[in-house]
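Grab a pencil and work through these exercises one at a time. Try each task before you read its solution.

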Amino acid sequence: MTKTAQSVWENCLLFIKDNIQDQAYKTWFEPIRAVELTDNALYIQVPSKFFYEWLEEHYVKLLKVALTKELGTGAKLLYKIKMENTYGNKQPFTEQLPSAHRSPVKPQEVDVPLHNKNPELKNPFIIPGIRNLKIESQLNANYSFDNFFEGDSNRLARSAGMAVANKPGGTSFNPLLIFGGVGLGKTHLAHAIGVEIKDKYPNKTVLYISAEIFTQQYIDSVKRNTRNDFIHFYQLIDVLIIDDVQFLSGKTGTQDVFFHIFNHLHQNGKQVILTSDKAPVDMQDIEQRLLSRFKWGLSAELHQPDYETRVSILNNILFRDGVEIPDDIVEYVAKNIKSNVRELEGAIISLIAQSSFNHREVTIDLAKQVVEKFVKNIKREISIDYIQKVVSDYFQLDVDTLQSKTRKRHVVQARQLAMFFAKKYTKSSLANIGSQIGSRDHATVLHACKTVDNLVSTDKQFKKFVEDINKKLSV
């Protein structure tokens with residue numbers, strides 16, 4: 001017998017009715033109408049956006065189970081919402097939105113030993129009191145692997161993240177350090193790993209926290225004389241995700257406490273996931289013993305997304321928001337915004353907003369206006385090639401001489417200045433700067449930056465070089 005939208009939905013309703021109260025069924029499921037079935041996707045019509053949001057928040061797991069029973073593991077649910085037209089036309093229109101298939105991440109319960117401060121001796125065979133803690137994971141369920149698109153720019157990091165999610169603490173990727181520039185998806189991927197672990201292992205305690213908040217919590221614990229409680233709390237976590245770990249730079253006390261927490265978790269087979277805007281080799285003012293532990297597992301870099309990945313990301317945003325835009329406009333945006341995913345999302349959302357609020361059709365001209373604002377901002381970012389050209393012109397050299405192996409003093413100084421300004425004006429790693437400026441290593445770049453800092457404070461002529469080149473690059 002051929003399946004129809006109606007037959008599939010009726011079977012789903014039989015399952016749903018057995019698993020919820022009658023009143024809830026009548027309120028939230030009787031008004032739904034099945035409208036279309038294509039391959040493994042069922043389209044249902046709901047009366048309002050509020051209705052859609054309520055179903056997604058309270059019944060998404062039940063809907064997913066019911067639909068999977070009918071259509072298999074790849075089943076998709078899409079909502080059609082009948083909206084009143086606000087543009088003066090009395091005909092209603094339909095908005096289409098996909099199901100996220102995800103409910104919010106629930107609080108986690110952990111049993112914590114009670115520390116009795118009574119000095120009286122206790123029988124060591126009596127089991128100490130246990131207190132039950134509720135721990136919010138701080139995970140955003142909307143940041144999942146489903147909407148983190150794979151491309152050449154992120155394949156290693158995404159694959160490693162998936163391996164960790166499948167077997168937290170049981171792979172050689174411990175810790176997993178994800179690093180890369182601003183807006184490339186580090187935080188998204190870190191959340192996605194945590195969300196996937198909670199799906200697969202509901203009993204594991206997962207905690208996402210930024211390094212900044214971790215530092216503040218540690219400072220508060222020192223003030224309140226509860227440092228040991230702070231350490232004991234973090235030692236209870238099964239999967240610890242720390243975002244922007246470079247924020248620990250220069251904070252000796254926080255680094256020390258994190259070192260002990262890290263050691264305890266690692267030795268007990270717990271998983272640690274870190275994100276940073278720098279590779280471990282480029283982190284400054286982080287203790288060597290901590291840096292060496294960052295390198296124990298895998299350091300995976302996120303690069304700028306390629307064209308195909310950018311198109312996929314844009315199409316996913318449009319699909320998520322129930323908006324249709326011609327392919328040529330999507331391709332135009334993807335071709336012209338290359339810097340990072342955040343800029344890309346900002347441009348397409350701005351385009352949708354301009355169209356909606358101003359009642360304008362999405363055209364290539366409107367796309368050009370929106371993209372121009374983003375591209376102007378991006379063009380302010382200075383490339384390493386441009387820096388080498390400016391420095392070479394200033395010292396009346398050609399770029400080949402600047403990159404050469406010669407040890408002539410004026411060429412060495414020009415090369416060191418190019419490295420110094422590349423570190424200052426770009427988001428490139430020291431290793432990347434070195435490879436582009438004469439195939440040097442990261443240690444040479446680090447030495448160059450320190451030399452420039454020293455000469456600026458001791459040599460007036462050299463200080464003028466720095467000021468002049470800085471003005472040219474700042475224009």
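## Exercise 1: A serine and its contacts

Setting aside neighbours within four places in sequence, Ser153 is in contact with Glu301, Leu302, His303, Gln304, Pro305 and Asp306, where contact means heavy atoms within 4.5 Å. Before we go on: this is a predicted model, in which local features need pLDDT of at least 70 and side-chain atom pairs count only at pLDDT 80 or more, while totals for chains, interfaces and linings use all residues. Residues are numbered from 1 along each chain as its sequence is written, and side-chain values use heavy atoms, with hydrogens and water left out.

Task: find where Ser153 sits, and decide whether Ser153 is buried or exposed.

Solution. Step one: look between β6 (130-135) and α5, and you'll find Ser153 in the loop there. Helices (H or I, at least four residues) and strands (E, at least two) are DSSP runs, numbered from the N terminus. Step two: check the accessibility. Buried means under 20% relative accessible area, exposed over 50%, and partly exposed in between (1.4 Å probe, protein chains only). Ser153 has 8% relative accessibility, so it counts as buried.

## Exercise 2: Build the sheet

Task: work out the strand order of the open five-stranded sheet, then say why β8 and β11 each have a side without a neighbour.

Solution. Step one: the order is β8-β9-β10-β7-β11, with parallel pairing. Two strands pair if DSSP finds at least two bridges between them. Step two: β8 (206-210) and β11 (298-302) are at the edges with a single partner strand each, so one side of each has no neighbour in the sheet. Step three: from one strand to the next, the twist averages 15°. Axes are lines fitted to C-alpha atoms, for helices over the stretch in contact, and angles run from 0 to 180 degrees between N-to-C directions.

Step four: zoom in on one pair. Strand β7 (residues 176-180) runs parallel to β11, and five bridges join them. Here Leu177 stands opposite Ser299 in β11. Step five: add the helices. Helix α5 (residues 155-166) packs on the sheet and touches β7, β10 (271-276) and β11, its direction making about 135° with that of β11. Helix α6 (residues 186-200) lies across β7, β8, β9 (239-243), β10 and β11, at about 150° to β7.

## Exercise 3: The annotated glycines

Task: which residues does the UniProt annotation "binding site" cover, and what do its two glycines touch?

Solution. Step one: the unreviewed UniProt entry puts this annotation on Gly183, Gly185, Lys186 and Thr187. UniProt positions are given in the numbering used here, feature names are shortened, and annotations may be inferred rather than shown by experiment. Step two: Gly183 is in the loop between β7 and α6, and so is Gly185. Step three: not counting residues up to four places away in sequence, Gly183 touches Asn340, Val341 and Arg342, while Gly185 touches Phe148 and Leu302. Gly183, at 6% relative accessibility, counts as buried.

## Exercise 4: Two cysteines

Task: how many disulfides are there (pairs of cysteine sulfur atoms within 2.5 Å)?

Solution. Step one: by this rule, the count is zero. Step two: have a look at two cysteines anyway. Cys12 is buried, at 1% relative accessible area, and Cys449 is buried at 8%. Step three: Cys449 is in helix α19 (residues 442-458). Leaving out neighbours within four places in sequence, Cys449 is in contact with Met419, Phe420 and Lys423.

How values were computed
Disulfide = S-S within 2.5 Å.
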